[in-house]
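Welcome! Take a moment to turn the structure around on your screen, then use the briefing underneath as a friendly guide to a few of its parts.

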Amino acid sequence: MFSRLLKKLSEGPLLLDGGMAAALSARGFPQSRPPELACLESPELLKEVHTGFRDSGSDVFLTNSFGGNEFRLEKHSLGSNQEEILLSSARIAREVAGSGVLVAGSMGPSGREDLSLQVLEAAFARQAEFLAKGGVDFFFIETMQNPEEAAAAVRGAERSGLEVCVSMCFPSGIPDDSLLAELVQRMEDTGAVAMGANCSPSSHGMPDLISRVSRFSSLPLIAKPSAGLPLMENGKPVYRLSPEDFACDLLRAQDAGASLLGGCCGVEAGHIAELHRQWKHP
């Protein structure tokens, strides 16, 4: 197994990027279209988003492939375009990243509850294969709510031989300690090299979650929260959390044990730049 991520982490905590869908929308990409289509229809816009995060200090980009599994793409009649979309997502990120930034292949949930774990694992393996072919350094499985699906995704991605991180989402609240310890053990048993949470809880709740997870895991921990709940203005989601408040929350999460820190929905380059400005180096 390659170890680019763990090698980089051995030198200190890493700054991730922010949210892709909201960043594309803010730049005019239609909300009615799946964000992954920007890889084919608006590559320059996608490069602009990656460039903004690079210039803000991100050490790691996530590819624009969150909804790139075959089940989500088929809902938009894009199943036949999967390889092209995923290769483009990886290659565009790789082009902007250059040699100094790692590229993580983003893989989100299937959106299906009627599929066997074997079918899910095979689908995630196919998604990972195309992303690896495009040049990603490791995989970032994110926004997972079902531990069974998360484990299947990790197993599928691991077939590529690259490192795999897994990030859960807790929209209904963080589990109690016994369930949280069980979840942590489950993710560690899959062979994931880092774990944590993204999207929910929001940045305000992330330090407490990281503190609790650190009691049960010795893996590098991920804190990639959203910028709070959005308000709709002129048909677009607007996130009000300031870069200063976001950075304050994430630095508390770093103090609690997180070593992979960034943002999810609504976190723009300005949030990452402020976090980078206040970054606590070892």
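Let's start with a simple check on helix α9: its 14 residues, at 1.5 Å a residue, should span 20 Å, and the end C-alpha atoms are indeed 20 Å apart, so the two agree. Keep in mind that this is a predicted model. From this helix we can move on to the pockets and then to one buried leucine.

**Helix α9 and its two sides**

- Which residues of α9 are buried? They are Leu180, Leu183, Val184, Met187 and Thr190.
- Looking down the axis of α9, you would find these buried residues within an arc of 120°, so they line one face of the helix.
- A general rule helps here: an α-helix has 3.6 residues a turn, so residues three or four places apart point the same way.
- On the other side of α9, the exposed residues are Ser178, Glu182 and Asp189.
- The buried residues of α9 pack against two helices, α8 (147–158) and α10 (206–213), and against two strands, β5 (163–168) and β6 (194–199).
- Just after α9 comes Gly191, which has a positive phi, near 100°.

**The second largest pocket**

- Helix α9 (residues 177–190) turns up again here, since it gives the most to the lining of the second largest pocket, with 4 residues.
- This pocket has a volume of about 240 Å³.
- Its lining has 13 residues, and those nearest the centre are Gln145, Pro147, Pro175, Leu179 and Leu183.
- Sorted by class, the lining of this pocket holds 9 nonpolar, 2 polar and 2 charged residues.

**The largest pocket**

- The volume of the largest pocket is about 590 Å³.
- A total of 27 residues line the largest pocket, with Ala21, Pro35, Glu36, Phe66 and Gly67 nearest its centre.
- Three elements each give two or more residues to this lining: α2 (20–26), α5 (70–75) and β4 (138–144).
- The lining of the largest pocket is made up of 11 nonpolar, 10 polar and 6 charged residues.

**A buried leucine in a loop**

- Leu16 sits in the loop between β1 (14–15) and α2.
- Is Leu16 buried or exposed? Leu16 counts as buried because its relative accessibility is 0%, and buried means under 20%.
- Leu16 and Leu260 are 244 residues apart along the chain, yet their C-alpha atoms are separated by 6.5 Å.
- Beyond its sequence neighbours up to four places away, Leu16 touches several residues, among them Ser58, Phe140, Ile222, Leu260 and Ile272.

Technical notes. Residues numbered from 1 in each chain as written. Predicted model: local features only at pLDDT ≥ 70, side-chain atom pairs only at ≥ 80, totals over all residues. Heavy atoms only, no water. 1 Å grid on protein atoms, 1.4 Å probe; cavity = no way out; pocket = protein on both sides within 12 Å on 5 of 7 lines; lining within 4 Å. Points joined across faces, edges and corners; volume = space filled by probe spheres on them. Nonpolar A, V, L, I, M, F, W, Y, C, P; charged D, E, K, R; others polar. Expected span 1.5 Å × (residues − 1). Buried < 20%, exposed > 50% of the residue type's maximum accessible area, 1.4 Å probe, protein only. Arc of directions from axis to C-beta. Contact = heavy atoms within 4.5 Å.
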